[in-house]
Amino acid sequence: MEEGHARLRESATVVVIGAGPAGLTVANLLRRSGIDCVILERQTREHVAQRQRAGIVEARAVQLFDSWGLADQVLGGVPSDGLLEVRVDGESHLVSGDDGSEGPAASLCPQQVLVQNLTAVYLAEGGDLRFESADISLHDLTDDHPTVRYRSADGTLRAITCNFVAGCDGEHGISRATIPDGVLTTHTLDHGIGWLTILADAPPPARPLFAVSPYGFAAHFARGPHTSRYYLQCPPDDQPDAWPEQRIWEALRTRLADPALVPGLITDREVFRLRGLVHDPMQYGRLFLVGDSAHIVSPLGGKGMNLALHDADLFVRAIRDSLLNHDDTGLHTYSQRCLRRVWNDQEFSHWLTRTLHDAGDDTHSGSFHRGLARARLDRLFTSDNAARAFAELMAGLTGPNKASGRGGG
C-alpha cells in the first residue's frame, strides 16, 4: 500500500518520459522495430501540440525519418531551398546550407507540426501515450528492471516495470534530476548574450534571415505561412515588458535594414540567455538521456531539436540490437557516440553565435573581436571552401555519426 491506495502495476519494455520531438521520435522508432513502449507526458495534448520552438529539420534528420519510412507522414513542412540570407550593415549575402550531397534536403517544419504529426502517427498505429501523467518518479535504475511510478489523469496510482527508461523530458525534467549527485559531469557556457524572441502573425521571410549591424543582431524566420519568429539581441537580464510593440518593430526595421517591414499581432515574447550545456555521460544504469535532458545548444545553427532526433535514432538502434540481436555494443557506447555529435554541433553553434554577434555591436566583444568576426564572414562570402564547410555543418552531414542507412530492417 502507498499513500493509502494500492498502486496498479504494469510492465513495458521501454518507458519514455516526455512527448516532445525526442520522446515521440523514440516511441515511433521503437514501434517500427517491434518493441513496445509507453510514453508518459505531464502536460495536456493541447499544450504539447502548440509548443513553438525550432523550425528547421536539417538534411541529416530528414534522412533519418526517411530511413525509417516516416518522412512523408511526419514532415509537414516544405523542402528548403538550402539558402540563408545574411545581411551585414544592410548588404545582403546568400549562403547555401546545402552541400550538394545526394538525398533529401532540409525541411522547413515548425516543431509543433512535427510533434502533431508524430503524435498522430504513433496513436494511429496503436501507440500508448498518456498525457497529464503527474508525480512521475524513477526507481531502481541500476537494476535490470527499473520501475516508473506516476499518477494518471484520473488520479490512479500506477507503476510500470520496464527494461529501459528514455529520459526525453528536457533540462528541467525528472529524468536527469533523478541521477545521483556526482555521477554526471556538467559543462556549461554562458555567452553573456540575451535574445528577445517574438512570435507574431506577420508575413514570413522567403528564407531564414540573419542581420548584423552596429545596432545589434536580429533574425527573422518563418513559423508557418502567416507566422514569423523574430529575434533581437538584448541584455541577458532584460525583461519582455521593457520591449513594447512600437520599440520592437522599430528595432526590427532598423536592424533588419527593412524600413517597410510589415508588423503583425504579437502573440508571444520572452527573453532568454544564449548558452551551452552538456551532461556527461548521457546514461545512468537503465536510464538513457535523450535530447535537451542531456544538452542545450545555442539556437544559432538550428541544432537543438536535430541533436535530439539524432540521440533518439542512436538510442532505438541500441535497444533494437540488444533485444533482437543480443548485441549490447550500442548500449555501452550510446553516450560516447551521442556526445561526439553533440560537441561537434556545439562547436559549430558557438562559432556561428560569436561570429554573428561579435561582427555587429562590439560593446562587449571589443573592436579586435569585431574585426576577427568580420574577417570570418568575408571568408564565408568569398571562399568556396569556407562556404562548403559551412554548408556541410548546417546540413549535419559532416563530423562523426553521419546519417546511417535504412532503419526498418
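These legends walk through close-up views of a predicted model.

**View 1. Strands S15 and S16 form a hairpin.** We start with S15, which covers residues 209-212, and its partner S16, which covers residues 218-222. The two strands pair in the antiparallel sense, joined over three bridges. To find your place along the pair, look for Ala211, whose bridge partner in S16 is Ala218. Five residues lie between the two strands. Among the turn residues is Gly216, which has a positive phi of about 115°.

**View 2. Strand S16 also pairs with strand S17.** Stay with S16 and turn to S17, made up of residues 228-234. Here the pairing is again in the antiparallel sense, and five bridges link S16 to S17. A handy landmark is Ala219, which stands opposite Tyr231 of S17. These strands form a hairpin too, with five residues between them. In this hairpin, Gly224 takes a positive phi near 145°. How much of S16 is covered? Four of its five residues are buried, and the strand is described as mostly covered.

**View 3. Four strands make an open sheet.** Moving to another part of the model, follow the strands across the sheet in the order S1-S12-S11-S10. Their pairing is mixed. Which strands sit at the edges? They are S1, residues 8-11, and S10, residues 134-139, and each of them pairs on one side only. From one strand to the next, the twist averages 20°.

**View 4. Edge strand S10 pairs with strand S11.** This view picks out one pair from the open sheet: S10 and S11, the latter spanning residues 147-151. Four bridges hold the pairing, which runs in the antiparallel sense. Look for Leu138 here, since Val148 in S11 is its bridge partner.

**View 5. Helix H3 packs with helix H8.** Our last stop is a pair of helices: H3, residues 59-67, and H8, residues 304-325. Their axes are 9 Å apart and meet at an angle of about 35°. Is the crossing left-handed or right-handed? The crossing of H3 and H8 is left-handed. On the H3 side, the contact is made by Arg60, Ala61, Leu64, Phe65 and Ser67. Facing them from H8 are Asn306, Leu307, Leu309, His310, Asp313 and Arg317. Sorted by class, the contact has five nonpolar, three polar and three charged residues.

Definitions and conventions: Residues numbered from 1 in each chain as written. Predicted model: local features only at pLDDT ≥ 70, side-chain atom pairs only at ≥ 80, totals over all residues. Heavy atoms only, no water. Buried < 20%, exposed > 50% of the residue type's maximum accessible area, 1.4 Å probe, protein only. Pairing = 2+ DSSP bridges. Axes fitted to C-alpha atoms, helices over the stretch in contact; angles between N-to-C directions. Left-handed = near helix turned anticlockwise from the far one by under 90°. Contact = heavy atoms within 4.5 Å. Nonpolar A, V, L, I, M, F, W, Y, C, P; charged D, E, K, R; others polar.
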